[in-house]
Amino acid sequence: MATYKAPLDDMRFVLNDVFEADKLWASMPATAEVTRDLADAILEEAGKMVEGVLLPLNRQGDEQGCTWNDGVVTTPEGFKDAYNTYREMGWTALSGNPAFGGQGMPKSLAVLFEEMIHATNTSFALYPLLSNGATLCLDAHATQEMKETYLPKMYSGEWAGTMCLTEPHCGTDLGIMRTKAVPNDDGSYNITGTKIFITGGEHDLTDNIIHLVLAKLPDAPAGSKGISLFLVPKFLLDDNQNPGERNGVQCGSIEHKMGIKGSATCVMNFDDARGWMVGEPNQGLAAMFTMMNYERISIGLQGVGLGDVSYQSAVEYAKDRLQGRAASGVQNASGPADPIIHHGDVRRMLLTMRALNEGARALAAYVGLQLDTAKFSEDAAARSAAEDRVALLTPVAKAFFSDRGLETCIIGQQVFGGHGYVREWGMEQFVRDARIAQIYEGTNGIQALDLAGRKVARNGGKSVQAFLADARGWVDANEGNAGIADVLPALRDALQLLDDLTADLLNNAGSDADAISASACEYLDVFGYVIYAWLWARMMATASDCTDYPHRDAKLLTGRFYFQRLLPKAHALAAQMRAGSEVMMAMDEAAF
Amino acid sequence: MAAYKAPVRDMRFVMHEVLNIEDHYKQLGVEDVDASMIDAFLEEGAKFSMNELDAIYRSGDEEGCTFDNGTVTTPKGFKEAYQKYVEGGWPSINGDVEYGGQGLPNSCGIAISEMTGTANWAWSMYPGLSHGAVATLEEHGTEEQKATYLPKLTSGEWTGTMCLTEPHCGSDLGQLKTKAEPQPDGTYKITGTKIWISAGEHDMADNIIHICLARLPGAPEGTKGISLFIVPKFFTDGNGSVGERNAVACGSIEHKMGIHGNATCVMNFDGATGYLIGPENKGLNCMFTFMNFARIGTAIQGVAHAERGFQAAMDFATERLAMRSLSGPKNPDGPADPVIVHPDVRRMIMTTKAFAEGGRAMIYYLAMQGDVVRQSKDEEAVKQADAMMALLTPIAKAFLTEVGVESAIHGIQVCGGSGFIREWGAEQNLRDAKISTIYEGTTGIQALDLLGRKILMSQGQALRVFTKVIHKFCEANADDEQLKPFVEKLGSLNKEWGDLTQAIGMKAMQNPEEVGGASVDYLMYSGYICLAFFWTQMVKTANEKLAAGTTEEAFYKSKIATADFYFKRLLPRTMAHKGAIEGGLECLMAIEQDHFMF
């Protein structure tokens, strides 16, 4: 069965000891009130809530799924009560703007919270997460009046939000979008078109749903430069700003999916629905993209959370299940066999999961801190450096977290043997739920292109060099640290590898139009393994100093495992990348 | 949903052009099988798989099996398709002529198994398990047992199962508890609970013959005290009619991630009458006939899911228009280019193609080795083929299913959001695939079998059986300029394989845990080299065909391009596995059990 305890010790270790987040928070007026104690208390409360409220609904939510009946969507039993508890405790407002009722908590804290809600009930988590995305977008681009009207109700969780981008014929390529927005005399617009794959497009959790919809104005330029953003409420507001008349937007059906069955994935039909423009005409895609960096890391965390619950469950099973005897001699003489955790190969699986999960948690916190700096710092240079780092690492985090997340869930399932395949045990659900994270919010192929093309090639590798300089600076500063002396050479090599591959990428990009796309995915993976190596070294350095840290030995050993058994993958990926694009493009389409 | 298209051209390429199966049959003394007969088989098998089985692929998944008071009902259409399969004579291809079989070599049936399996894996498991039961009875049954059970099992009117796993033991069968008590009439009363019995109960056949492991009273502990029994669902009069019900019943069926159309049963044996197969306490040895059969069957499953992932991806990638090619529009009249023009999409599709086609060659090669073991009169050849199968079976089972799962994941990814939606079938392919790395011995168990039992226990002799073949191939083709890039790489990896094995062997002598620490990485490493060997052979054939002049230039060139991709973009993964093995054991075992979680 699924076992989960919020990994509070590790979260605190990362936040407080490795990154000393409270120092950064204290240095910025917007976050000055967030102390270590407050952060600890929030994490502790979050842990109780996810374990007590969300986890118990996870299996049954999967079995039951959402149901659709004539435009009405019913979420699985218990979701509505859980949602009410969740919002009454204030979790929907956690990182909202305080000017409109949000709590203004930093992203570096929110990422840890998001990991927990994904771990315990990723279907449920998507409803508030989508609302978060919508509020971020409104906060950045809507008029003051719109913000005053919508944000407080969305932060309180009384209303939910969605993002409506995809249409039947276009997802990745939004330039060929068809949904139309026709202006009315009163300044509003009539929106008509069909959107698909809309997460939380319709449900029974809230009194209203605020759709953020991409559509084209009449005479808009073709392609992605002719797209505008509109706010389309499910219920139009009456004179007292309460939900009144139903707007012309309906859920046509819900998808039958592989996983996240408790999350309603909707076809939304807009039939002259009234909407109001958010931001400037034809600038909709840019407006939508402001929240992408926040959203993408949150979706990456789906992989991390599921990877962790899968890990914790696998450890319990491996300690419990008696099969075979340890190769080095009997470990459980009074039992009929030894617990499988004594077998080398089972340990390989468990440590792989753990090393990837903890590396991911550290990277999430790191990117969270950069997001906080970019948003709240008063130092313009620090802000701009942090923005650059966020832009560089967001695609890495989204894709690497979700790819490794699926990998981790598959390993967890494997540890359970046949039980892993049987639904009651819960392990196969994690695999099914994790699979979507590689696809939505921009497939991982798109993330890799974003990284290699836009974030690396377009600025001549400047952002990567800035990152490498930081990492190498850290290595130099820790040269004499005996606790990590054995892994520093491998870390130096890994950083050099990333440097070399970046140079290759830049060289090839000039001469071969397909070069970037052909090697982007491997490049992103190498980046992921290298940055985990740096973060593992940092965690090991911190742990070796924290002599009173109860998990010190485990941290050091897992880090060593990472360097010895997982980091070699970066070198294999490099060899694949160096093979170039010709091997993929040579074949004629018909010959496939 | 992408309809399954049986890759008949590729099957003919592997069987006739690469592996020269006709010559192989001549050498075995099988006179009546020629290329045209094989081609006819392939055509008919393709039709059956595409028309009858693919049609119930999605509906079988949605509907699943249902259980009601001991009775299992298979999804709509399963029974009818099975009847047609039986009427078509498909179950009996490899069966012994004496019992109504067609007596053809195993390799004649392998492509049929692949096609039925790819079209509908859940369905194909019902006949698949019967094949294993037939092989076990042929090899270990008494004349009377054979006469009683083989005719109906061979014709497919009855089906078979293998009953090993119990609630507390799967990988570790030494803990088995099911009891067999001898009766005065020479039969046994079998009592115990078996779980995860595929096709343990269903409505497709008149009788089900369970091949069941149990313990005699006073039997030695552990795996040396296990015997094997036949337990029929219905008693039979020896002439093929079924009579009274035996005391074996299905207690429930599992709710699973995938293969919903296949009934995974809890089977309760409550003093059921059973008949001993083979000697007392040698049951596990006899069962290994079945298990080896099933392991190769599961290796086919890896190829099936790679092929299905490939086809789903291709279908979507050629239809779906998104973005323009970076090297200029390829579909200037449309709003965007088909996604297959994008290199990253190609990377995913070519990965599935390289695994499906490379895996196919490996499986068919393995099936031919099986022919030799079963039918050759040349003792030395039998010994050699037997050793080859012992080495390659765990690699094929674990490696091909692992890359089958990977391919299914790519198949979904290429389809984007649609890949996650059930109607499209791509996600079913992954759900169905995931069991293949678990059952019939998990990947971890196969890896221990390969490295521990097969290779290190024979001081590396088991590996040399195959590395010698590769070495000879490389030597024989050393002067082939066109083949050189492949041969050189293959040759150097082949040598590295031996060296790495030796290094692990040295460490394992110091510490037996080394085997478990290295085993899965070692197996995957080995799998990549095996596929490199088969891909090199395929390139050689393609080169020859192109040099000789052909109307199918595109086909052969695509073989070479796929091999090139495999060598440059997939084969480097051996570096990561080698690196992980060299990372050693200490980092695995040092951590305290209680420090795994906090």
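**Domains, a chain contact and three buried residues**

Chain A is divided into three domains, with domain 1 covering residues 8–150, domain 2 covering 159–286 and domain 3 covering 445–583. The model is a predicted one, and within it the C-alpha centres of domain 2 of chain A and domain 3 of chain A lie 40 Å apart.

For a view inside chain A, one may turn to A:Ile191, which lies in strand S5, a run spanning residues 189–199 of chain A. A:Ile191 counts as buried because 27 C-beta neighbours fall inside 10 Å, where 20 or more are needed for that label. When neighbours within four places in sequence are left aside, A:Ile191 is in contact with A:Thr179, A:Ala181, A:Val213, A:Ala215, A:Phe230, A:Val232, A:Phe270, A:Ala273 and A:Gly275. One of these contacts, A:Gly275, is 84 residues away from A:Ile191 in sequence, yet the two C-alpha atoms are 6.5 Å apart in space.

The contact between the two chains takes 84 residues from chain B and 81 residues from chain A. On the side of chain B that touches chain A, the residues divide into 40 nonpolar, 26 polar and 18 charged.

Within chain B, helix H6 spans residues 106–119 and holds B:Thr118. B:Thr118 is buried because 29 other C-beta atoms lie within 10 Å. Once residues up to four places away in sequence are discounted, B:Thr118 touches B:Tyr4, B:Ala304, B:Glu307 and B:Arg308. The C-alpha atom of B:Thr118 is also separated by 9.5 Å from that of B:Lys5, although their positions lie 113 residues apart along the chain.

Further along chain B, helix H11 runs over residues 379–414 and includes B:Ala408. Is B:Ala408 buried or exposed? B:Ala408 is buried, because 30 other C-beta atoms are found within 10 Å, against a threshold of 20 or more. Apart from neighbours within four places in sequence, B:Ala408 is in contact with B:His305, B:Gly309, B:Asn429, B:Leu430 and B:Ala433.

B:Arg308 links the accounts of these two chain B residues: B:Arg308 is among the residues touched by B:Thr118 of the preceding paragraph, and the C-alpha atom of B:Arg308 is separated by 7.4 Å from that of B:Ala408, with the two residues 100 apart along the chain.

Key
Residues are numbered from 1 along each chain as its sequence is written. Chains are lettered from A and ligands numbered from 1 in the order in which they are written. This is a predicted model: local features need pLDDT of at least 70, side-chain atom pairs count only at pLDDT 80 or more; totals for chains, interfaces and linings use all residues. Helices (H or I, at least four residues) and strands (E, at least two) are DSSP runs, numbered from the N terminus. A residue is buried if 20 or more other C-beta atoms lie within 10 Å of its own, exposed if 12 or fewer, and partly exposed in between; C-beta atoms are placed from the backbone. Two residues are in contact if their C-beta atoms, placed from the backbone, lie within 7 Å. Ala, Val, Leu, Ile, Met, Phe, Trp, Tyr, Cys and Pro count as nonpolar, Asp, Glu, Lys and Arg as charged, and the others, Gly among them, as polar. Domain bounds come from an automatic or database domain assignment.
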